[in-house]
Amino acid sequence: KVLDTGNDVRLATWSHIFLGRIADLKGHRKEALAQYRAASLTSAAYPEAQRAVERGMQAPFGSSE
């Protein structure tokens with residue numbers, strides 16, 4: 001819902017990250033990567049979000065790596 005109604009770039013960035021994490025936890029890696037890629041388009045302005053995107057692209061969220 002946030003992505004459909006919001007105009008806050010930071011909130012949209014984190015929404016994509018969290019959707020990616022949820023997809024990873026469900027075992028849907030392709031969907032997770034798509035969400036992390038979407039977040040990467042706006043994450044550069046937010047260092048913590050950028051790090052979260054990079055970690056999500058490297059390994060599934062919740063993995064022991």
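Buried here means under 20% relative accessible area, exposed means over 50%, and partly exposed is whatever falls in between, using a 1.4 Å probe and protein chains only. The structure is a predicted model, with local features needing pLDDT of at least 70 and side-chain atom pairs counting only at pLDDT 80 or more, while totals for chains, interfaces and linings use all residues. Residue numbers run from 1 along each chain as its sequence is written, and side-chain values use heavy atoms, with hydrogens and water left out.

Valine 53 makes a handy starting point. This residue has a relative accessible area of 3%, so it is buried. Valine 53 sits in helix α4, where helices are DSSP runs (H or I, at least four residues; strands are E, at least two) numbered from the N terminus. Helix α4 covers residues 47–58. Glutamine 35 is 18 residues away from valine 53 along the chain, with 9.1 Å between their C-alpha atoms. Next comes glutamate 54, also in helix α4, which is partly exposed because its relative accessible area is 39%. Its C-alpha lies 8.2 Å from that of tyrosine 36, with the two positions 18 residues apart in sequence numbering.

Valine 53 also belongs to the largest nonpolar core, together with Trp14, Ile17, Ala39, Ala49 and Ala52, six residues in total. A nonpolar core is taken as a set of buried Ala, Val, Leu, Ile, Met, Phe, Trp, Tyr and Cys residues joined through side-chain atoms within 4.5 Å. Helices α2 and α4 each supply at least two residues of this core, and α4 gives the largest share, with three. As a general background note, nonpolar side chains in soluble globular proteins tend to be buried together.

Over in helix α2, tryptophan 14 counts as buried because its relative accessibility is 16%. Phenylalanine 18 comes out at 42%, so it is partly exposed. Both residues lie in helix α2, four residues apart, or about one turn of the helix. The aromatic count is one pair, with rings of Phe, Tyr and Trp (its six-membered ring) pairing if their centres lie within 6.5 Å; planes under 30 degrees apart are stacked, over 60 edge-to-face, and the rest tilted. The ring centres of tryptophan 14 and phenylalanine 18 are 5.6 Å apart and the planes meet at 35°, so this pair is tilted.

Two polar residues on the same helix are worth a look. Histidine 16, in helix α2 (residues 9–25), has a relative accessibility of 18% and therefore counts as buried. Its side chain makes a polar contact of 2.6 Å with the side chain of glutamine 35; such a contact is a pair of N or O atoms within 3.5 Å, where within protein one must be able to donate a hydrogen and the other to accept it, and sequence neighbours count only if both atoms are side-chain atoms. Serine 15, likewise in helix α2, is buried because its relative accessibility is 15%. A polar atom of the serine 15 side chain lies 2.8 Å from the backbone oxygen of leucine 11.
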